[in-house]
Amino acid sequence: MGHRMLKFIISLAALLVALTTQVHAGMVTLPDGSIYVGELQGSVPNGFGTVYVDDAEAYTGDWLLGKKSGFGREITSSSGQSYLGDFVDGLRHGFGRYRYNSGDDFIYIGGYRQGRFHGFGKYETPSIGYEGGWYEHKKHGTGKLTNSLGRSDWTQHQNGNRKIFSEIF
């Protein structure tokens, strides 16, 4: 039996055990020391709940078997980061909005895959904007790059490397 198949069978068994355990509201301390308040199956976050780190909200949203899964809001108050969107298996995955408000402010709205910018997305800072394709957290494919003066160039990227192929006035 291959490693992937064994991992799948173990995950399936864990899911079956979790589904047979009654959901209840409660509060637990997680292994990293953060506090979870919300729906639990046994002592595992499962359903809707909030995690608090140092008395500040860090994540509010859906959980599945102890991992962020579904829709939620993640906040890192010390750095001004926030994310609102989809999660799968504890990672940003699907569609979401990420904002970073500390020094180099920027916003990204678009697709995610396994915690990285992926698919179509729009990235903006005070000095530059990019709207187009992303792959593995790098600009990839066709996109529009706009500078702080409003000038835009259609660009082609491969693994983050850019080539301008036309200008828009």
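The following legends describe an overview and several close-up views of a predicted model.

**Figure 1. Overall architecture of the predicted protein model.** The protein contains one helix and 13 strands. Along the sequence, these elements are arranged in the pattern α-β-β-β-β-β-β-β-β-β-β-β-β-β. Of the 169 residues in the protein, 30% are buried. The accessible surface amounts to about 10600 Å², and carbon and sulfur atoms contribute 56% of that area. Among contacts with a separation of 6 or more, 3% involve residues 24 or more positions apart.

**Figure 2. Confidence across the elements of the model.** The mean pLDDT of the protein is 86, and 86% of the residues reach a score of at least 70. Strand β8, spanning residues 106–113, has the highest mean pLDDT among the elements, at 96. The lowest mean, 62, belongs to strand β13, which covers residues 161–168.

**Figure 3. The nonpolar surface patch that includes Met5.** Met5, Phe8, Ile9 and Leu12 make up this patch on the surface. Together, the four residues present about 370 Å² of accessible area. Met5 lies in helix α1, which runs over residues 3–19. Met5 is classed as partly exposed because its relative accessibility is 45%, a value between the limits of 20% and 50%.

**Figure 4. Surroundings of Gly119 in strand β9.** Strand β9 comprises residues 116–124, and Gly119 is one of its members. With a relative accessibility of 29%, Gly119 is partly exposed. When residues up to four places away in sequence are set aside, Gly119 touches Gly132, Gly133 and Trp134. The C-alpha atoms of Gly119 and Gly132 are separated by 8.1 Å in space, while the two residues are 13 residues apart in sequence.

**Figure 5. Two loop residues with positive phi, Asp89 and Gln114.** Asp89 occupies the loop between β6 (81–88) and β7 (91–100). Its phi is near 55 degrees, a positive value in a residue other than glycine. Gln114 is located in the loop between β8 and β9. Although Gln114 is not a glycine, its phi is also positive, at about 50 degrees. Gln114 counts as exposed because its relative accessible area is 56%, and the exposed class begins over 50%.

**Figure 6. Ser152 in strand β12 and its polar contact with Thr146.** Ser152 belongs to strand β12, which extends over residues 152–158. Ser152 is buried, as its relative accessibility is 10% and the buried class lies under 20%. The side chain of Ser152 is joined to that of Thr146 by a polar contact of 2.9 Å.

**Figure 7. The environment of His157 in strand β12.** His157 is placed in strand β12, the strand in which Ser152 is also found. The relative accessible area of His157 is 4%, so the residue is buried. A polar contact of 3.3 Å links the side chain of His157 to the side chain of Thr155. Leaving out residues up to four places away in sequence, the residues touched by His157 are Tyr130, Lys139, His140, Gly141 and Arg162.

How values were computed: Residues numbered from 1 in each chain as written. Predicted model: local features only at pLDDT ≥ 70, side-chain atom pairs only at ≥ 80, totals over all residues. Heavy atoms only, no water. Helix = DSSP H or I, 4+ residues; strand = E, 2+ residues; numbered from the N terminus. Buried < 20%, exposed > 50% of the residue type's maximum accessible area, 1.4 Å probe, protein only. Polar contact = N/O pair within 3.5 Å; in protein donor to acceptor, adjacent residues only side chain to side chain. Contact = heavy atoms within 4.5 Å. Patch = residues over 30% accessible without salt bridge, like charges linked within 9 Å, V, L, I, M, F, W, Y side chains within 5 Å. Areas by Shrake-Rupley, 256 points an atom, 1.4 Å probe, with all protein chains shown as cover. Salt bridge = Lys/Arg side-chain N within 4 Å of Asp/Glu carboxyl O. pLDDT = per-residue confidence, 0-100.
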